[in-house]
Every structure is written in C-alpha cells, then in structure tokens.
Amino acid sequence: MKILVLGGYGLIGDAVIGRLLRDGHQVTGLGREVGDAGRRRPAVRWIAADMSKLPAAEDWLPVVAGMDAVVNAAGALQDGPRDRLDAVHRGSVVALVAACEQAGVHRFAQISAIGADLASPNPFFSTKAQGDKAVASSSLEWTILRPGLVIAPAAYGGTALLRALAAFPGFIPAVMPRQPIQTVSVADVAEAVSRAVAGSLPPRLAIDLVEGNARSLSDVLLSFRAWLGLPQARVMPMPAILGRFASVVADAVGVLGWRSPLRSSALAALADGITGNARSWNAVCDHPLQPLEATLADMPAHAQERWFARLWLAKPVIFACLSLFWLVSGIIGMIRQDQAADILASRGVSVDFAHICVLVGSAADIVVGAAVLVRPFAKPALLAMIAITLSYLAGATLFVPSLWLDPLGPLVKTIPGLCLVLVALAVLDER
C-alpha cells in the first residue's frame with residue numbers, strides 16, 4: 001500500500017514508519033523539517049510542509065493523491081510560536097479528511113490521546129477531540145487510537161523528563177507522585193497502526209491503547225531508575241507550588257520557542273491521571289499490550305541512556321549560564337568602554353578605532369547573549385559565540401600579545417567558554 005504518515009519523524013511517527021516499511025508498504029512522511037529524517041530513513045519519500053498552513057481540502061489533495069491510507073501521528077502539546085493547537089489538531093484534520101474523501105483514500109488512522117474530550121478545559125484534549133470528531137464523522141474506514149504514556153527507545157518531551165528525574169542524584173523529585181499512569185510501548189502503537197491500515201481491526205473503531213494495570217508516577221520513576229541500572233533511591237514528593245512555578249517558567253520559555261514538557265498543559269494532564277480502558281483492545285485483538293516492565297526489558301539501557309538521563313536537566317542551566325555570561329560581558333564593556341579602549345590605544349591603536357572596537361564587541365556580546373535564549377536563533381547565536389571568541393583571541397594576539405603571559409589571560413578565559421558553547425551545540429537538537 002501507499003501510506004502517508006503525518007508527523008513521521010516524531011516519537012510515534014518514526015516507529016510507525018519503521019513498522020510500515022517492514023510490512024512492505026511504500027511510505028511517504030510529512031513534517032515541517034524533514035532534512036534529518038530524510039537522512040535517517042532514505043527509503044521514505046519526504047514532504048516538507050506545515051500542516052497547520054494547509055487549512056483547505058484543496059491544499060491537501062496533491063499530498064494525498066494516490067494514497068491508500070493516511071496515518072495522522074502529528075500533534076502539539078501547547079500553543080506557542082510554532083504551534084497552534086486548533087490549526088494542527090482540528091482545522092488541518094478537517095481539511096485532510098475532506099481531501100481523503102475526495103481523493104478516494106481507503107483508510108485513515110488517527111493517533112489521538114487518552115483524555116481527549118470536547119468538554120475538556122485543557123486545549124490540548126479539547127482540540128484533539130475535535131479532530132477525532134472530524135475523523136469519526138467522515139465516510140472513511142477510520143480508526144482512532146488513544147495511547148497512554150508512550151514509552152520508546154527515543155526520548156524527548158515527557159519521556160525525557162521521566163528519565164532525567166529517575167536519574168536524579170540521591171533522590172527522585174516528583175510532583176504529584178501518586179497520580180495513576182498507564183503506559184504503552186511505542187512498538188504496540190505501531191502494531192495497532194499496522195493492523196488498522198491493513199484492515200485487520202474492526203472498521204470505525206475508537207480504542208484506548210494502555211497496559212492492563214495503572215501504576216503511580218512514583219512507581220514509573222522507580223522502574224525507570226532500575227532500568228538505567230542506578231542505585232535505589234527514594235521518591236521525594238515535591239510541593240504543588242513548585243510544580244506550578246515550574247509550569248509558569250516553562251510557559252514563559254515556551255514563548256521563546258522552547259517546548260518544555262513541564263508546561264501547564266502537561267501538568268494538567270498529569271493531574272487528571274493518564275489512564276484508559278485496557279480491556280477494549282483485548283476484546284478486538286489477540287495481540288495483548290505489554291506492561292511497562294516488558295516494554296523496558298525490550299529496550300535495555302546502556303551508557304548512552306545514562307548519559308542522556310543525567311545531563312538532560314543540565315541543558316537549561318547551560319543555556320542560562322551562557323546567556324548570563326555574554327550579557328554581563330557586553331554590559332560591562334559598555335559601562336567601562338573608556339578603560340577597555342585605553343588598553344587598545346596604549347598599543348598604538350587610534351582612540352576612535354579603539355572605542356569603535358569596544359562598542360561593536362560589547363554590542364555583539366549582548367546580541368548573542370539574548371539570541372541564545374530564543375530557540376530559532378539559538379544555533380546561529382552559538383556559532384556566533386565561537387566566531388566572536390576566536391576573533392577576541394586573534395585580536396589579543398595581534399594587539400596585546402603580552403596578555404598571553406597573564407595567568408588569567410585570554411587562553412584561560414576563553415577555552416572553558418568555548419567548551420561550554422560546544423556542549424550547548426551538542427545538546428541543542430534534542431527535542
């Protein structure tokens with residue numbers, strides 16, 4: 001079959017594409033940034049498109065033409081600079097469904113979420129439910145799958161946070177540790193999609209995908225810590241006010257383009273519990289969904305998982321320190337520009353040129369210090385930091401070579417900074 005997968009490089013979408021390829025299908029993936037995905041999965045035909053900017057059926061017709069099935073694994077957690085929940089979860093899905101009906105697409109698999117409800121005060125769940133309604137109201141052979149907390153070998157977002165908390169040194173901090181959670185393996189989600197597009201499930205089916213029994217968030221974290229091979233530790237309940245403060249901060253940095261799993265929508269979902277009807281799947285399929293223990297056993301942790309878990313929480317600290325250092329450096333340069341210019345002037349540089357150099361350098365420090373906090377500008381800012389640092393080293397060598405003999409000279413000052421910038425570049429692409 002020819003199958004289109006929306007959100008094909010995401011946590012669920014990538015697993016779905018892998019399964020469909022193993023089933024022998026011809027797969028097309030769609031997403032906003034498909035460069036990395038194309039290199040990872042060259043067997044897939046990739047379409048670079050933002051589905052929120054395809055609001056009409058006419059926009060989708062060229063995309064779905066010739067397809068036998070469509071899998072919608074795209075989604076967003078919360079409104080932000082790049083994400084509009086209503087457009088992604090409802091508007092584009094309404095248009096996509098209409099285009100599928102016109103183009104003669106046979107089957108449609110919708111990846112929804114546990115808790116999707118038209119009456120939900122959480123925009124994530126209400127818009128998801130609106131998209132589900134559009135699918136269920138169509139003439140297509142549709143399947144709506146509502147997974148619980150999806151566990152996968154890949155990790156970003158909420159599952160990355162779980163690993164980081166589980167690896168916390170000495171104890172495991174947790175807000176709302178008693179809230180019930182039912183997990184599901186991403187392999188089981190991909191299996192369900194495979195059966196849906198093949199017509200092996202009852203038509204027009206909306207079903208939860210969750211393990212048989214609910215467990216507390218505390219138990220999930222302890223399972224992840226054991227999976228990482230770390231010594232036992234006690235789960236330490238954190239005050240609710242700390243969770244609210246974290247969500248306020250996460251929402252604030254969300255405005256800058258950083259999609260933190262601590263945003264208010266995620267905490268609201270956790271407060272309601274992540275549970276569903278485990279019996280419904282067993283009633284229609286002979287492939288039982290595996291519990292968390294089996295899921296973790298199927299993806300053994302190694303050194304890279306421990307590195308990731310231990311360093312994940314350091315990412316915001318690294319970027320905050322870099323920003324603070326460069327901003328303070330630039331501001332001090334502006335305030336003390338006369339003293340800085342005098343150093344250059346004493347080495348034969350004209351006074352006017354020395355002042356220009358100091359002002360330009362200070363302004364550049366401030367610009368990159370602010371830009372690194374904005375997600376779309378973070379990588380260019382980090383590269384600019386490297387260029388600026390190397391230019392400072394070159395300038396010091398050219399105009400003030402005696403500074404190299406200073407124990408606190410440019411080499412000692414800049415090498416650690418360069419290392420920190422390189423670390424920031426290394427962790428920037430983690431989602």
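Biologist: Where is the place of Arg204 in the chain, and between which helix and strand?

Modeller: This is a predicted model, in which local features need pLDDT of at least 70 and side-chain atom pairs count only at pLDDT 80 or more, while totals for chains, interfaces and linings use all residues. Residues are numbered from 1 along each chain as its sequence is written, and side-chain values use heavy atoms, leaving out hydrogens and water. With helices (H or I, at least four residues) and strands (E, at least two) taken as DSSP runs numbered from the N terminus, Arg204 sits in the loop between helix 7 and strand 11.

Biologist: Does Arg204 count as buried, partly exposed or exposed?

Modeller: A residue is buried under 20% relative accessible area, exposed over 50% and partly exposed in between (1.4 Å probe, protein chains only). Because its relative accessible area is 42%, Arg204 is partly exposed.

Biologist: Which residue in the loop between strand 8 and strand 9 has a positive phi although it is not a glycine?

Modeller: The loop in question joins strand 8 (171-174) and strand 9 (180-181). The residue there counts as partly exposed because its relative accessibility is 25%. Its phi is about 55 degrees, and the residue is Met176.

Biologist: Which helix supplies the largest share of the largest nonpolar core?

Modeller: A nonpolar core is a set of buried Ala, Val, Leu, Ile, Met, Phe, Trp, Tyr and Cys residues joined through side-chain atoms within 4.5 Å. The largest one has 37 residues, and those with the most contacts inside it are Val5, Val16, Val71, Leu209 and Trp281. Among the elements that each supply at least two of its residues are strand 1 (2-6), helix 1 (11-22) and strand 11 (205-209). The largest share, seven residues, comes from helix 7.

Biologist: How far apart are the C-alpha atoms of Gln78 and Ile335?

Modeller: Gln78 lies in the loop between strand 4 and helix 4 (85-103), and it counts as buried because its relative accessibility is 13%. Beyond its neighbours within four places in sequence, Gln78 is in contact (heavy atoms within 4.5 Å) with residues including Asp83, Asp251 and Arg263. Ile335 is 257 residues away along the chain, and the two C-alpha atoms are separated by 41 Å.

Biologist: What distance separates the end C-alpha atoms of helix 16?

Modeller: Helix 16 covers residues 351-371, and its buried residues include Ala354, Val358 and Asp365. The expected span is 1.5 Å times one less than the number of residues, so the 21 residues of helix 16 should span 30 Å. This agrees with the distance between its end C-alpha atoms, which is 30 Å.
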